[in-house]
Amino acid sequence: MAATPESKVKAKCVAQLKALGALYFYPVTGGYGTNGVSDIVACYKGLYVAIECKAGKNKLSEIQKVFLEKVEAAGGLALMINESNVEDLTKILLDSKPN
């Protein structure tokens, strides 16, 4: 199976998270989880991080926007990462501090 543009973004995110020693996982809701939960959930130096990965012209759905807003309201870091900013993930995390 060929890699999709979005899976390439996810792989680049995971490579950076691994390099930083962050804890991360891909949540699988299977109908029992939270609607709109991000593609990658991570913890880096005590900071909860939600990463929604997109590729091309894909945009956040309304439910994804709401989830990311809830993450920010709770003091976490909510990110939408795509091809244009994926290389900035490490810097974003290094510059972020838990609330």
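Strands are taken here as DSSP runs of type E with at least two residues, numbered from the N terminus, and in the predicted model described below, residue E52 belongs to one such run, strand β3, which spans residues 47-53.

Across the chain as a whole, 3 helices and 4 strands are assigned, and their order along the sequence is α-β-β-β-α-β-α. The radius of gyration is 13 Å, close to the 13 Å that the globule rule gives for 99 residues, so the chain is as compact as a globular protein of that length. Along the principal axes, the C-alpha atoms occupy a box of roughly 40 × 30 × 20 Å. Of the contacts in the chain with a sequence separation of 6 or more, 55% are made by residues 24 or more positions apart.

With regard to the surface, the chain exposes about 6200 Å², of which 57% is supplied by carbon and sulfur atoms, while buried residues make up 36% of the 99 residues. The charged side chains comprise 12 positive and 10 negative groups, and the centres of these two sets are separated by 3 Å.

Within strand β3, E52 has a relative accessible area of 2% and is therefore classed as buried, given that the class comprises residues under 20%. When residues up to four places away in sequence are left aside, E52 touches V37, S38 and D39, together with L60, Q64 and L68, and also L79, M80 and I81. By contrast with these contacts, the C-alpha atoms of E52 and L23, two residues that are 29 positions apart in sequence, are 16 Å apart in space.

D39, one of the residues touched by E52, is located in the loop that connects β1 (23-25) with β2 (40-44). The relative accessibility of D39 is 16%, and because the burial cut-off is under 20%, this loop residue also counts as buried. Its side chain reaches the backbone nitrogen of C53 at a distance of 2.8 Å, which places the pair within the 3.5 Å limit applied to polar contacts. Not counting residues up to four places away in sequence, the contacts of D39 include E6 and K10, as well as F25, Y26 and P27, and they further extend to I51, E52 and C53. The contact between D39 and E52 thus appears in the lists of both residues, and it joins the loop between β1 and β2 to strand β3.

How values were computed
Residues are numbered from 1 along each chain as its sequence is written. This is a predicted model: local features need pLDDT of at least 70, side-chain atom pairs count only at pLDDT 80 or more; totals for chains, interfaces and linings use all residues. Side-chain values use heavy atoms; hydrogens and water are left out. Buried means under 20% relative accessible area, exposed over 50%, partly exposed in between (1.4 Å probe, protein chains only). A polar contact is a pair of N or O atoms within 3.5 Å; within protein, one must be able to donate a hydrogen and the other to accept it, and residues adjacent in sequence count only if both atoms are side-chain atoms. Contact means heavy atoms within 4.5 Å. The radius of gyration is taken over C-alpha atoms; the globule rule is 2.2 Å times the number of residues to the power 0.38. Accessible areas come from the Shrake-Rupley method with a 1.4 Å probe; for residues, only the protein chains shown count as cover. Lys and Arg count as positive and Asp and Glu as negative; His and the chain ends are not counted. The place of a charge is taken as NZ of Lys, CZ of Arg, CG of Asp or CD of Glu.
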